[in-house]
Amino acid sequence: NDFIPGGALEVAEGHEVVPVCNALMERFDVVVFSQDWHCPGHESFASSYQGKSPYDSIQMPYGDQTLWPDHCVQDTSGSEFHADLSIPDRVRVTRKGFRKTIDSYSAFFENDQTTATGLEGYLKDIGVRRVFVCGLAYDFCVRFTAVDAKVKCGFDEVVVVKDATRSVGLPGTVEAADEGMKEAGVKVVDSGSLVAALA
């Protein structure tokens with residue numbers, strides 16, 4: 001909820017991805033949701049530092065860290081899934097960012113690039129070879145999830161469904177996402193062409 005317009009870290013038009021994601025889920029047997037699950041006072045929150053504002057950048061032991069408004073705090077309405085998002089019985093939820101000292105954009109690895117969420121092992125154990133990524137936000141969580149899936153995890157094919165995402169849109173972040181995914185070999189498609197290909 002915190003990524004939807006009106007939320008603490010709202011993504012413009014973020015609510016528009018919900019029906020697209022709902023329609024896509026009907027096409028897949030395996031569905032995974034990633035869920036930001038931050039503790040109060042998380043070290044990626046600007047409020048944890050005197051004199052810092054949201055979207056400032058600081059150095060963490062693992063590298064550059066954008067500071068965010070407090071968002072998706074555990075057991076708050078902001079951390080809950082949108083009311084209109086379909087939640088199939090078969091869904092697996094991967095919670096991330098719950099360690100106070102490490103942020104997590106990717107659904108596979110936290111931002112230190114070594115702490116695994118367990119999602120890679122789960123998907124490989126059940127024989128998944130292709131990964132399709134959608135949701136919020138294109139230039140952060142979607143980007144890093146897709147790149148990790150392809151580069152670090154080595155899935156055969158990784159596809160981002162562009163019209164099922166929206167971007168935070170900080171200076172340069174969309175362009176960096178475009179380039180990073182292209183370099184990693186991640187495919188970017190629209191939902192219409194994907195549904196036609198899966199038919």
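**Exercise 1. Find how many disulfides the structure has, and examine the cysteines C134 and C141.**

Step 1. A search of the whole structure finds zero disulfides, a disulfide being a pair of cysteine sulfur atoms within 2.5 Å.

Step 2. C134 is in no disulfide, and the nearest cysteine sulfur, that of C21, is 3.5 Å away.

Step 3. For C141, the closest cysteine sulfur belongs to C72, at 8.7 Å, which is too far for a bond.

Step 4. C134 is partly exposed, with a relative accessible area of 33%, whereas C141 is buried at 12%. Buried means under 20% relative accessible area, exposed over 50%, and partly exposed in between (1.4 Å probe, protein chains only).

The model is predicted: local features need pLDDT of at least 70, side-chain atom pairs count only at pLDDT 80 or more, and totals for chains, interfaces and linings use all residues. Residues are numbered from 1 along each chain as its sequence is written, and side-chain values use heavy atoms, with hydrogens and water left out.

**Exercise 2. Describe the largest pocket and its lining.**

Step 1. The volume of the largest pocket is about 1200 Å³. On a 1 Å grid over the protein atoms alone, a pocket is an open set of points with protein on both sides within 12 Å along at least five of seven lines, whereas a cavity is a set where a 1.4 Å probe fits but cannot get out; lining residues have an atom within 4 Å of a point. Grid points are joined across faces, edges and corners, and a volume is the space filled by probe spheres set on the points.

Step 2. The lining of this pocket has 45 residues, and V32, F33, S34, C134 and G135 lie nearest its centre.

Step 3. β5 gives the most to this lining, with seven residues. Helices (H or I, at least four residues) and strands (E, at least two) are DSSP runs, numbered from the N terminus.

Step 4. By class, the lining has 31 nonpolar, eight polar and six charged residues. Ala, Val, Leu, Ile, Met, Phe, Trp, Tyr, Cys and Pro count as nonpolar, Asp, Glu, Lys and Arg as charged, and the others, Gly among them, as polar.

**Exercise 3. Describe the largest cavity in the same way.**

Step 1. The search finds one cavity of 30 Å³ or more, and the volume of the largest cavity is about 130 Å³.

Step 2. Its lining has 15 residues, of which F3, L9, W68, F140 and C141 lie nearest the centre.

Step 3. Ten of the lining residues are nonpolar, three polar and two charged.
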